[in-house]
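Subject: Structure for your files

Dear colleague,

Here is the structure I said I would pass on. My notes on it follow below.

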Amino acid sequence: MGTSRRRKECRGMSGRDMPMKRHGGNYPPATRGKVVVWGYLASYPFGGMTWQVLHYLVGLRNLGFDVWYVEDTDAEVRDPVTFWPNDNYAPNVEFLERIMESVGLGGRWIFRPPGVYEFCLGAADMNGLADLYRDAAAVINLCGSHELRPEHDRIGCLVYLETDPVPKQIAVAKGDSTTIADLARYHYLFTYGENIGADDCLVPVEHFTWHATRPPVIIDWWQSSGHPAVHRVFSTITSWTHTWNDVTWGEARWRWSKHYEFRKLRSLPGRCSVPLELAVVGISDEEAEEFRNAGWRLRAASELADPDVYREYLRGSLGEFTVVKEQYVRPRTGWFSDRSVCYLAAGRPVVMQETGFSKFIHCGKGLLPFLTEEDATQALEAINGDYDRHREAALSIAREYFDADTVLRRLMQTIGLL
């Protein structure tokens, strides 16, 4: 498909007004080698996923790497309007092109259409993509988004960056030969499960070394002088039900769906003075009505798919109240959320279900973990009673623990590139 034809078919999409900083001529010289990031930027062009990838791309570019974004996967492409899988990838490519331009990386992306092996779109053809892999100091598989093909074994430094811990570790411990062989093709394995491998974590670690990392955030993107909390609620954005990815280990079954945890807290709005809102997808009409009757405010998460709207929603909230999937909570993984990091960077306090992260991140002001409904009530009331102090603390936590420069510098030092 030619470029002109693709542009005619493309609909208007998000990304036009994203006020990025430190792009174009403001980047340092790219003297530290080429780094390729694999992700879901084009195939899943929605709020949180977009920001997740951009924090890595721009964060690495700010460290002086020649950063490329590549989608080289046969995974389905989601329509940016209907959210359903769609064979028409033209709007997604147009979105990718615009987003990469907005951060000063317009000549640094390649998209191979799913199921197509004869050509790709963007800055290189298939031969150029092979050359990029050959020359890259590292290729980072963010979220494990890409399946490996035989030609990927020629990559000199292949990095698996796991944002959703537990299933891979369990599969390896159970002796799953496919998972073991797949992970063995990587040179480094990273996980957001910062407590994995510790004595108080129930997740088994066998065969491989998992390096802990955290979600990076470019704090400037979330700042706005005097930006008001226009929604006056503690909010979060979530999918309600997942019917896959549950795991069993020994006698334990750990589920990968948030609705179990939210149901335990259905009566919470009646116990605290802070309004609570869920921007949610996948909840039934019946259960939505039950939650509304209990005092929760609900809105459609699909309204926040545009990355700009997503960001304004976070910045316009008082803070975040969120549960965490049982799979991260019960085994004490130490997992932390990409989305919660953005709330903190916006100076919005976070009340989040404890996963063991309080071992590594200072809590009590700006970030308050909870395990029970009573804990959650006390945390929300504490913030409400001293909001300005908690807001300042939230931003301080983002700067100290999640700043992209710090997080990505440590990651690149681990793989020997800094």
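Which residue in β7 is the bridge partner of Glu162? The partner in β7 is Thr191. Before the rest, the basis: this is a predicted model, with residues numbered from 1 along each chain as its sequence is written, and local features need pLDDT of at least 70. Side-chain atom pairs count only at pLDDT 80 or more, while totals for chains, interfaces and linings use all residues, and side-chain values use heavy atoms, with hydrogens and water left out.

Sheets

Helices (H or I, at least four residues) and strands (E, at least two) are DSSP runs numbered from the N terminus. Two strands are taken as paired if DSSP finds at least two bridges between them.

Eight strands form an open sheet with mixed pairing, in the order β4-β3-β2-β1-β5-β6-β7-β8. The edges are held by β4 (121–122) and β8 (210–212); each has a single partner strand, so one side of each is left without a neighbour in the sheet.

Within this sheet, β6 (residues 158–162) and β7 (residues 188–191) are parallel and joined over four bridges. Besides the Glu162 pair, Leu161 has Phe190 of β7 as its bridge partner. On to β8: β7 pairs with β8 in the parallel sense over three bridges, and Leu189 is matched there with Trp210.

Further along the chain, β15 (residues 350–353) has pairings with β14 and β16. Strand β14 (residues 319–322) pairs with β15 in the parallel sense over three bridges, where Phe321 has Val351 as its partner. Four bridges join β15 to β16 (residues 367–370), again parallel, and Met352 is partnered by Pro369 in β16. Val350 and Met352 point one way from β15, Val351 and Gln353 the other way, and all are buried. Buried here means under 20% relative accessible area, exposed over 50%, and partly exposed in between, for a 1.4 Å probe and protein chains only.

Helices

Helix α2 (residues 47–62) has 16 residues and spans 22 Å from its first C-alpha to its last, close to the 22 Å expected at 1.5 Å a residue. That expected span is 1.5 Å times one less than the number of residues. Of the 16 residues of α2, 14 are buried. Gly64, just after α2, has a positive phi of about 100 degrees.

Asp135 belongs to helix α4 (residues 126–135). Its relative accessible area is 38%, so Asp135 is partly exposed. The C-alpha atom of Asp135 lies 9.0 Å from that of Val35, although the two are 100 residues apart along the chain.

Positive phi outside glycine

Most residues other than glycine have a negative phi. Cys143, in the loop between β5 (138–142) and β6, has a positive phi of about 70 degrees. Asn245, in the loop between β9 (234–239) and β10 (247–249), has a positive phi near 75 degrees. Asn245 counts as partly exposed because its relative accessibility is 30%.

Aromatic pairs

Rings of Phe, Tyr and Trp (its six-membered ring) pair if their centres lie within 6.5 Å; planes under 30 degrees apart count as stacked, over 60 as edge-to-face and the rest as tilted. The whole structure gives 18 aromatic pairs. In one of them, Phe291 and Trp296, the ring centres are 5.9 Å apart and the planes are at 55 degrees, so the pair is tilted. Both Phe291 and Trp296 are buried. They also belong to one aromatic cluster with Trp240, Phe262, Phe321 and Phe370.

Cavities

A cavity is a set of points, on a 1 Å grid over the protein atoms alone, where a 1.4 Å probe fits but cannot get out; lining residues have an atom within 4 Å of a point. Points are joined across faces, edges and corners, and a volume is the space filled by probe spheres set on them.

There are two cavities of 30 Å³ or more. The largest holds about 40 Å³, and its lining includes Tyr192, Glu194, Arg214 and Phe357. The second largest holds about 30 Å³ and is lined by Ser43, Glu71, Thr73, Ala75, Val77, Phe111, Arg112 and Pro114.

Regards

Notes: On a 1 Å grid over the protein atoms alone, a cavity is a set of points where a 1.4 Å probe fits but cannot get out, and a pocket is an open set with protein on both sides within 12 Å along at least five of seven lines; lining residues have an atom within 4 Å of a point.
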